[in-house]
Amino acid sequence: MALTLAAASAHPPHSSRMVSEPVLPRIHAILQKESVREFLAEFLSTYVMMVFGLGSVAHMVLDEKHGSYLGVNIGFGFGVTMGAHVAGNISGAHMNAAVTFASCALGRMSWRKYPVYVLGQFLGSFTAAATIYGLFYRAILHFSGGELAVTGPQATAGIFATYLPEHMTLWWGFLNEVVLTGMLQLCILAITDKENNPALPGTQALVIGILVTIIGASLGMNTGYAINPSRDLPPRFFTFIAGWGTEVFRAPRESQGPENSAVSEDHGLTALPKTSSHFPVMSTNTPSVQPIATLSDSMPLESF
């Protein structure tokens with residue numbers, strides 16, 4: 001009996017170390033894989049860009065004293081700059097599925113990397129939307145009177161995704177986005193073209209951020225200048241899950257605030273859990289309300 005206890009007491013610490021010791025080297029080896037590094041780089045850079053960008057939109061929508069359309073342009077522009085510094089030397093900091101597609105189509109990278117890049121971008125953007133929702137939850141509740149509205153004077157879905165204003169049709173919006181995304185890609189190619197007149201080494205991130213700011217300031221009125229599937233689709237899916245409902249995918253057009261873009265004639269509203277007894281909800285139509293649950297050398301940049 002004594003010998004058995006002595007043997008048992010001699011081995012457990014050693015055997016537990018033998019089980020745990022290989023784990024960290026294994027994780028380290030996984031993180032050294034190129035595809036994993038590129039995935040994480042796109043995830044983090046897109047997350048950074050979207051947190052700054054969506055945060056600036058939230059300021060404009062929820063409190064005009066603290067936000068403006070110019071602030072949205074600056075937020076997204078310098079969000080791109082910060083994202084580029086996060087991942088520029090690892091993945092090129094695309095942060096944009098359209099830019100990744102163009103890079104593959106032009107032969108600058110393998111098509112095998114396309115799903116890795118886009119998955120990282122989409123998850124980073126979705127996580128950023130969830131972060132902004134959490135940070136501004138109380139402000140959204142106060143502004144909207146406890147209703148998650150897609151359209152109307154107290155709409156908040158536009159914090160997360162872009163919606164067409166009254167004067168735009170779907171196909172005009174599509175054409176508008178094609179032209180703006182083409183302008184973005186053309187200028188990025190010029191900024192990074194070493195055979196032409198590229199930006200100075202180390203300044204590409206700043207110059208591309210200024211480019212995004214200029215596009216928003218000069219061409220953003222019609223559609224909110226998403227110019228990036230990774231910027232618009234994941235947050236739109238987030239709003240669907242968070243309680244804004246299917247209206248986020250099919251909202252008609254009506255004058256609204258966010259990013260000077262807008263939506264619909266009937267109000268897609270969803271009830272938020274209220275902590276106050278009354279907030280007026282202004283609406284010209286009878287809203288459809290349903291309860292929801294709360295959500296428990298230089299950089300090789302081709303960014304945004």
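## Helix packing and salt bridges at a glance

D232 and R236 sit 4 residues apart in helix α11, so about one helical turn separates them. Their side chains meet in a salt bridge, with N and O 2.6 Å apart. Keep in mind that this is a predicted model. Below is a quick tour of the salt bridges, then helix α7 and its residue Y117, and finally the way α6 packs on α9.

**Salt bridges within a helix**

- Searching the whole structure turns up 4 salt bridges.
- Side chains of opposite charge can pair when their charged atoms come close.
- Take the α11 pair again: are D232 and R236 buried or exposed? D232 counts as buried because its relative accessibility is 10%, and the cut-off for buried is under 20%. R236 is buried too, with a relative accessible area of 11%.
- Another salt bridge joins the side chains of E247 and R250, at 3.4 Å from N to O.
- E247 and R250 are 3 residues apart in helix α12, which covers residues 247–250, so they too are separated by about one helical turn.
- Why does that spacing suit a pair? An α-helix has 3.6 residues a turn, so residues three or four places apart point the same way.
- The two ends of the α12 pair have contrasting surroundings: E247 is buried at 10% relative accessible area, whereas R250 is exposed at 55%.

**A salt bridge between distant parts of the chain**

- E34 forms a salt bridge with K113, and their closest N and O atoms are 3.3 Å apart.
- This pair ties together distant parts of the chain, since E34 belongs to helix α4 while K113 lies in the loop between α6 and α7, 79 residues apart.
- K113 is partly exposed, with a relative accessible area of 24%.

**Helix α7**

- Does the length of α7 agree with its residue count, and what span should we expect? Its 22 residues (114–135) should span 32 Å at 1.5 Å a residue, and the end C-alpha atoms are indeed 32 Å apart, so the two agree.
- The buried residues of α7 include Y117, V118, G120, Q121 and G124. Further along the helix, S125, A128, A129, I132 and Y133 are also among the buried ones.
- Which helices do these buried residues pack against? They pack against α4 (34–62), α6 (97–105), α8 (137–144) and α11 (229–244).

**Y117, one residue of α7**

- Y117 is placed in helix α7, and it is buried with a relative accessible area of 3%.
- Setting aside neighbours within four places in sequence, Y117 is in contact with E38, E42, S91, H94, T100 and M109.
- Y117 and V36 are 81 residues apart in sequence, yet their C-alpha atoms are 9.9 Å apart in space.

**How α6 meets α9**

- α6 packs with helix α9 (residues 170–192) at an angle of about 55°, and their axes are 11 Å apart.
- The contact is made by A98, V99 and A102 on the α6 side, and by T181, L184, Q185 and I188 on the α9 side.
- Why call the two helices oblique? An angle of about 55° is neither under 35 degrees nor within 65 to 115, so α6 and α9 count as oblique to each other.
- As for handedness, α6 passes α9 in a right-handed crossing.

Note on methods
Residues are numbered from 1 along each chain as its sequence is written. This is a predicted model: local features need pLDDT of at least 70, side-chain atom pairs count only at pLDDT 80 or more; totals for chains, interfaces and linings use all residues. Side-chain values use heavy atoms; hydrogens and water are left out. The expected span of a helix is 1.5 Å times one less than its number of residues. Buried means under 20% relative accessible area, exposed over 50%, partly exposed in between (1.4 Å probe, protein chains only). Contact means heavy atoms within 4.5 Å. Axes are lines fitted to C-alpha atoms, for helices over the stretch in contact, and angles run from 0 to 180 degrees between N-to-C directions. Angles under 35 degrees count as roughly parallel, over 145 as roughly antiparallel, 65 to 115 as roughly perpendicular and the rest as oblique. A crossing is left-handed if the near helix is turned anticlockwise from the far one by less than a right angle, and right-handed if clockwise.
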